[in-house]
4 protein chains.
Amino acid sequence: MHIGMVGLGRMGGNMAERLRRGGHTVVGYDRDPSLSDVSGLQELVERLPAPRAVWVMLPAGEPTRQTVHSLGELLEPGDVVIDGGNSNYRDDQEHGARLAAKGIGFIDCGVSGGVWGLENGYALMVGGEEEHVRRLMPIFETLKPAGEYGFVHAGKVGAGHFVKMVHNGIEYGMMQAFAEGYELIAASGLVKDVPETFRSWKEGTVIRSWLLDLLVRALEDDPGLEGIRGYAQDSGEGRWTVQAAVDHAVPLPVITAALYARFASRQDDSPAMRVVAALRNQFGGHAVESAKGADSPGADVAPPAV
Amino acid sequence: MHIGMVGLGRMGGNMAERLRRGGHTVVGYDRDPSLSDVSGLQELVERLPAPRAVWVMLPAGEPTRQTVHSLGELLEPGDVVIDGGNSNYRDDQEHGARLAAKGIGFIDCGVSGGVWGLENGYALMVGGEEEHVRRLMPIFETLKPAGEYGFVHAGKVGAGHFVKMVHNGIEYGMMQAFAEGYELIAASGLVKDVPETFRSWKEGTVIRSWLLDLLVRALEDDPGLEGIRGYAQDSGEGRWTVQAAVDHAVPLPVITAALYARFASRQDDSPAMRVVAALRNQFGGHAVESAKGADSPGADVAPPAV
Amino acid sequence: MHIGMVGLGRMGGNMAERLRRGGHTVVGYDRDPSLSDVSGLQELVERLPAPRAVWVMLPAGEPTRQTVHSLGELLEPGDVVIDGGNSNYRDDQEHGARLAAKGIGFIDCGVSGGVWGLENGYALMVGGEEEHVRRLMPIFETLKPAGEYGFVHAGKVGAGHFVKMVHNGIEYGMMQAFAEGYELIAASGLVKDVPETFRSWKEGTVIRSWLLDLLVRALEDDPGLEGIRGYAQDSGEGRWTVQAAVDHAVPLPVITAALYARFASRQDDSPAMRVVAALRNQFGGHAVESAKGADSPGADVAPPAV
Amino acid sequence: MHIGMVGLGRMGGNMAERLRRGGHTVVGYDRDPSLSDVSGLQELVERLPAPRAVWVMLPAGEPTRQTVHSLGELLEPGDVVIDGGNSNYRDDQEHGARLAAKGIGFIDCGVSGGVWGLENGYALMVGGEEEHVRRLMPIFETLKPAGEYGFVHAGKVGAGHFVKMVHNGIEYGMMQAFAEGYELIAASGLVKDVPETFRSWKEGTVIRSWLLDLLVRALEDDPGLEGIRGYAQDSGEGRWTVQAAVDHAVPLPVITAALYARFASRQDDSPAMRVVAALRNQFGGHAVESAKGADSPGADVAPPAV
């Protein structure tokens, strides 16, 4: 079928390519003219046969919001917009309602797969009305991995990105679990070949997983991870997962701990730990000072009762 | 080769079977005479050609300790004992030293694979001296999964169980990550088919893993997990992981949170939370009492400042 | 000075009383006519001399929002509204901007002190413009505790409730710290008189605090806290603290853990822990079933490798 | 009464001084001859009238263990040893049993109070037999603060240090709660005077406490805590608290999080977070490389699905 693709960066470009290989006709638009088939959204809309389908593959937040709003002005009743970026599900609900008021459909589609998606397919988590999802199924069929998995119509508008958000929250927890295990093994000094240990876990263990495969690859490239700083960014989705948990009074100790570990990894010096250090100083500070003075205490000083 | 197997329960019995299928000669001993090839450890030792290898597959703690001690009395220099149970690595270090003093070798072998191991092989994590491990390689080759993974000689005595312990710690964190994601999705009310959502994740996602496969199976059997209580035991290994982390000053927020979630799941009523509730009562309690008295407050009562 | 007080429940009623004792003239309004000096907000406004000051002491959220909006319609330029409830600081920022557009001042005031406030004074944390805060100082002076502490003008509109929110977050962490200590002491079986132990901590220790005093009181009333369920509500402020932390990428492991402990305390059965239990069943389930069948394993069953 | 004091460092020296001021006769021994009244433990024992009491005030672990063992050789039935250091309660149980076999009493005494103890008294948490504790009461009465609080006979041998250990665990949680609140306030940018805000909390709030007083002092000395690194040591007691919790299956999320925050504060670079960063690289790494190549993507690159 025909589809417009807005945003031809790494993800959007690969998805357009996979769709073309699958026999679809893709009209692509990107701010970078060298990537773009059209001069702007208006021309993109004009080049598509009605009822139109336009896939938005842009950074979450303002870029996506502005594009969805613009498409709302340009499209006609019966058309459908798909947001394949990493939008917050509340944005989806707002976008869906705004477009629905004009008779335009809206689908939110969480996409997983990264750079492997072009060859292996993308896992798709979709929210929207049954009729819109059904109309787009040829597109989803081409994008998803071969086989019976990798696609779910999770619920109404917002459910797709909600489910993708939780997927990423789970991912945070799993990554941190491997990370903690690695650090403990390294710290123990008991294990002669850490990469080999992780490699051995690829079969027969309870923790075998794609993330383990990736970690083994990373350790093959750099056995002590010497070339990597212990500094981890977070995308919005881990944060939104925690905020959704707080909204629903669901305790998420593991996922939250994983998020906080990333926050802490980005601090050169923790203001909180300066407070802890300052309090410890207050307990014992004066004694320490007098210890340098005339009445030096003996060697058998009991440690401060902290 | 010839090997003695002590403990023919679910794990030991299956492992003996896999070894026999692989062409080894196994002499088995179990407290249950109907399972046992011999009347006791003494006969087991007599039936094996020197240098002997005896695999102990018993519950960690006293059962394993007593059996290793008894074997220390019965075996001869040059023999090797393998502890394939879930022993603490500190026990291994003690057992290894005790047997080494008599010229008897000791190998600790963490085993993963559960009931699937008989058919698919067991992941093996081994600690011990190079010469002992080399001697036992035919046994390990038969027990491990086909292919290049599933076996590691991790280090000296204790390293095998240490690595298995950390494997289980990682497993705790991963399980809890999936568990939290499930609860948040269920609580959101946004997802029309929760089992289908997890099923879709089996391909193309970052979190695809054997644990996800198991969770999908569990949800196929019981889509709302209605037949299962939210009550989770822990084996010793999660606890030992946390204790090793504390010993090494390694922060393990995710693995520890997963362990604590299990502890909390087994409490009908939390003494800690009784304290929190009691403190909240103290803030507002007397007012609440007087509120029932003569000067009843209006409907617009501000919530207690807690 | 003259002041209107909207909401004469436990908090508002006591604050009005403290203000009257301090020589101020309070016109009170409450939905309950038996408590109210006036028939409605309009009469309240009419009864106050310009420039007016109206203190809103209502539940956060809709009740406060509606009242602030209504006052915005009734008041005149130069008047000031004070929100003394537990509003979210973002609500304050919206209310402040909305009223400022009409020339009406807005102060947010976080209030601590509960039922002891009437006698001992209320700790006040204030946000707003310098000129508005200065105008209200006679009121704040009367409400606050005697002595040099208990009042801060923390910053612009929103800063007062923000600071009060963080105060409550800290309170969550402190309460949970005492709660955990209590549970560990009780579980140890080593301590013959738990209440006496906590009582002894009231002097000379690092943890002496008002919360400890309250806990000692609670244990004097009910030494084993037998009459209290381990079930703890949370007000919005703990949640907002966590959400603000996520917004600012500040790791709050302790405060968040305290909040999650409350969430968990309210669950009869945890969906997350049903997942963990279900996964554990999957590891060993089939074996357990076959264990009941013909090839029953021996007594020395190794524990499942979980 | 007469008492021997072993270890005349900051704590032991001050306690000896407070005892002398209280009318007791103290014979002190320290490795530093300039502080010592006697040449060694033997002379100390000879100088004391039977039945003797010897207070050991040394670092926990080997120094205390060796001294208790030596005293066990030198003392006579009916004498009593008091360990006032920060020993692990399991050490106490071993020491108590060893001395009891010789008819010598043993008391463990957790001491809180730091440098303020000389003037204000020390909070004492005591474990041991009733008869031994009763005999030492004149000493405890002098050391403890005036008033009705600050002393508890918590239980049998070990209970004193156990209770002190939990006290310190609670302290960790409380300190971290204040620390997190401080960081969030600082990060918000909403508060014009952070030290003044904490100072205002000293009256009328729920969180008023000695730790808050200390924090206010620290902020008066250094309002932005600029002179302090966010690097916090831990004494053994926080670790032992977590290990005791794991032994008793008691969830301690807050106290453990506080301990882990200290561990993390001492890491220049976290190996765990290197793993997280490495995994994030694996998701997007190859694309990033090709992005630098010929087919450079447009500006509207969707963020990696992490």
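**Exercise 1. The surroundings of B:Thr142**

Determine which residues B:Thr142 touches, not counting residues up to four places away in sequence, and state whether B:Thr142 is buried or exposed.

*Solution.*
Step 1. In this predicted model, B:Thr142 touches B:Arg18, B:Leu19, B:Gly22 and B:His24, with residues up to four places away in sequence left out of the count.
Step 2. One of these contacts is polar: the side chains of B:Thr142 and B:His24 meet at 2.7 Å.
Step 3. As to secondary structure, B:Thr142 belongs to helix H6 of chain B, which covers residues 130-143.
Step 4. The relative accessible area of B:Thr142 is 18%. Buried means under 20%, so B:Thr142 is classed as buried.

**Exercise 2. The sheet of chain C**

Establish the strand order of the open sheet in chain C and identify which strands stand at its edges.

*Solution.*
Step 1. The open sheet has seven strands, in the order S2-S1-S3-S4-S5-S6-S7, and its pairing is mixed.
Step 2. The edge positions are held by strand S2 (25-29) and strand S7 (151-155) of chain C. Each has a single partner strand, so one side of each lacks a neighbour in the sheet.
Step 3. From one strand to the next, the twist averages 25°.
Step 4. Two pairings may be examined in detail. Strand S3 (residues 53-56) and strand S4 (residues 80-83) of chain C pair in the parallel sense over four bridges, and C:Trp55 has C:Ile82 in S4(C) as its bridge partner.
Step 5. S4(C) and S5(C) are likewise parallel, over four bridges; here C:Val81 is matched with C:Phe106 in S5(C).

**Exercise 3. Strand S5 of chain C and its helices**

Determine how many residues of S5(C) are buried, and which strands of chain C the helices H6 and H7 lie across.

*Solution.*
Step 1. In a regular strand, side chains alternate between the two faces of the sheet.
Step 2. In S5(C), C:Gly105, C:Ile107, C:Cys109 and C:Val111 point one way, while C:Phe106, C:Asp108, C:Gly110 and C:Ser112 point the other way; all are buried.
Step 3. The count is therefore eight of the eight residues, so S5(C) is largely enclosed by the rest of the structure.
Step 4. Helix H6 (residues 130-143) of chain C lies across S1, S3, S4, S5, S6 and S7, at about 35° to S5(C).
Step 5. Helix H7 (residues 159-188) of chain C lies across S4, S5, S6 and S7, at about 15° to S5(C).

**Exercise 4. Relations between the chains**

Find what rotation superposes chain B on chain A, and what area is buried between them.

*Solution.*
Step 1. Chain B is superposed on chain A by a rotation of 180° with 0.0 Å of shift along its axis, at an RMSD of 0.1 Å. The two copies are thus related as by a two-fold rotation axis.
Step 2. Within chain B, the residue that comes closest to this axis is B:Ser209, with its C-alpha at 2.0 Å.
Step 3. The contact involves 68 residues of chain B and 68 residues of chain A. The buried area is about 5900 Å², of which carbon and sulfur atoms give 71%.
Step 4. In chain B, the most area is lost to chain A by B:Tyr149, B:Leu184 and B:Val206, together 12% of what that side buries.
Step 5. Since 100% of the interface residues of chain B are also interface residues in chain A, the copies meet through the same surface.
Step 6. For chain A and chain D, a rotation of 180° with 0.0 Å of shift along its axis superposes the former on the latter (RMSD 0.1 Å). Here too, 100% of the interface residues of chain A are also interface residues in chain D, so these copies meet through the same surface.

How values were computed: Residues are numbered from 1 along each chain as its sequence is written. Chains are lettered from A and ligands numbered from 1 in the order in which they are written. This is a predicted model: local features need pLDDT of at least 70, side-chain atom pairs count only at pLDDT 80 or more; totals for chains, interfaces and linings use all residues. Side-chain values use heavy atoms; hydrogens and water are left out. Two strands pair if DSSP finds at least two bridges between them. Helices (H or I, at least four residues) and strands (E, at least two) are DSSP runs, numbered from the N terminus. Axes are lines fitted to C-alpha atoms, for helices over the stretch in contact, and angles run from 0 to 180 degrees between N-to-C directions. Contact means heavy atoms within 4.5 Å. Copies are superposed by least squares on the C-alpha atoms of residues with pLDDT of at least 70 in both. Buried means under 20% relative accessible area, exposed over 50%, partly exposed in between (1.4 Å probe, protein chains only). A polar contact is a pair of N or O atoms within 3.5 Å; within protein, one must be able to donate a hydrogen and the other to accept it, and residues adjacent in sequence count only if both atoms are side-chain atoms. Buried area is the accessible area (1.4 Å probe) that two parts lose on being put together, summed over both.
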